[in-house]
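Got the viewer open and the chains coloured separately? Let's walk through the model stop by stop, with something to select each time.

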Number of protein chains: 2
Amino acid sequence: MIKPQFKLDNQLCFRLYTASRLITQAYHPMLAEQGLTYPQYLVLMVLWEKDAQPVNDIAKRLRLETNTVTPLLKRMETEGFLTRSRGREDARQIIVKLTKKGRDLQEKLADVPEAIGSSLLCESVTPATIPSLYAMLDGIIHQLQNKQTNQ
Amino acid sequence: MIKPQFKLDNQLCFRLYTASRLITQAYHPMLAEQGLTYPQYLVLMVLWEKDAQPVNDIAKRLRLETNTVTPLLKRMETEGFLTRSRGREDARQIIVKLTKKGRDLQEKLADVPEAIGSSLLCESVTPATIPSLYAMLDGIIHQLQNKQTNQ
DNA sequence: ATTATTTATATCGTTCACGATGCAAATATA
DNA sequence: TATATTTGCATCGTGAACGATATAAATAAT
């Protein structure tokens, strides 16, 4: 018999993994319309918050490695969403800036967050319960983040 | 100025995406010790629950596509964790069975769920709050699952 | 001023994840 | 029984993720 701790239905990580994949799939048709993937959409959100950032800052904000972000940014540059240029002050840095096409996507995608958000609502996920969901996920992220960086 | 709905800190999906990646990273050292990846560990849990399943049932249980699971299973076969054989009743099916090596991993990994589980605990994530976290994640998964299959 | 170390980014190799498509076995229909 | 459709799995191409490693610029140490 399987040990109970191994039952999939007792696994938090499997739920997170599945929920994350399914939401990404839910985004897909709306983002694909603009030629974007979900990670690319995350990069846009980082740059909409603050334009002209070095690769490292973008990676840190998304908690990704630079070796994940670099090719992602290159693809987005090829698509004309942003530009990559050597930093003048520090020649090691690559400064990433939005193009007009990249900035304009904020208008074109304006309805996406609301569409996704409302599609998730159900009995256990409501405007009243979402703050506690955020708090628990932030707790998990904070907990694991420390573990990583302390080593 | 950025529209507030685009702020990363207001995004549920980004939290799920990050939490999922960080937990997978937390599993990594323990699984790598046995030559496993996290998705491969999920496959093992499916087969520990019920051995000798066709590819399709494993994919459905993990909510993955067969074109993701097939190469995953092939790698696990190469590593000697399982066998793949044509179904006798239905020759289209590939029946996946654990080897002794695959079954024995349940003992070797016995402490993993507890190690991961306890490493996540924090102020907002406690044995008392985890059921509501499960309920919300299950709600999201159920909601999106329906959306997919209804189309 | 040299040399050593750190930092910022990139390259490489492997493993997912998935949309699109292909193929053969099984089943349904004519 | 012949043909059409469905089903189960696989192949292909692209885009992440990430560990390991490389490279060049910046900074620290000698």
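Start with both chains shown as surfaces: chain B and chain A bury about 6400 Å² between them, 68% of it on carbon and sulfur atoms. That figure is the accessible area (1.4 Å probe) that the two parts lose on being put together, summed over both. Now pick out F6(B), R15(B) and M136(B), which lose the most area to chain A, together 11% of what that side buries.

A word on what you're looking at: this is a predicted model, where local features need pLDDT of at least 70 and side-chain atom pairs count only at pLDDT 80 or more, while totals for chains, interfaces and linings use all residues. Residues are numbered from 1 along each chain as its sequence is written, chains are lettered from A and ligands numbered from 1 in the order in which they are written, and side-chain values use heavy atoms, with hydrogens and water left out.

Next, select everything in contact (heavy atoms within 4.5 Å). You should get 64 residues of chain B against 64 residues of chain A.

Keep R15(B) on screen and add D138(A): the two form a salt bridge, with the closest N and O atoms 2.8 Å apart. The cut-off here is a side-chain nitrogen of Lys or Arg within 4 Å of a carboxyl oxygen of Asp or Glu. Between chain B and chain A the count is six salt bridges.

Switch to cartoon for the chain B side that touches chain A. Helices α1 (12-32), α2, α3 (55-62), α5 (100-108), α6 (112-120) and α7 (130-150) each supply at least two residues; helices are DSSP runs (H or I, at least four residues) and strands likewise (E, at least two), numbered from the N terminus. Which helix gives the largest share? Click on α1(B), which brings 16 residues.

Now superpose chain B on chain A: a rotation of 180 degrees with 0.0 Å of shift along its axis does the job, at RMSD 0.0 Å. The fit is by least squares on the C-alpha atoms of residues with pLDDT of at least 70 in both. That's the relation of a two-fold axis, and the same surface serves both copies, with 100% of the contact residues of chain B recurring in chain A.

Last stop: A52(A), in the loop between α2 (38-49) and β1 (53-54) of chain A. A52(A) has a positive phi of about 60 degrees although it is not a glycine. Buried, partly exposed or exposed? A52(A) counts as partly exposed, at 33% relative accessibility (buried is under 20% relative accessible area, exposed over 50%, partly exposed in between, with a 1.4 Å probe and protein chains only).
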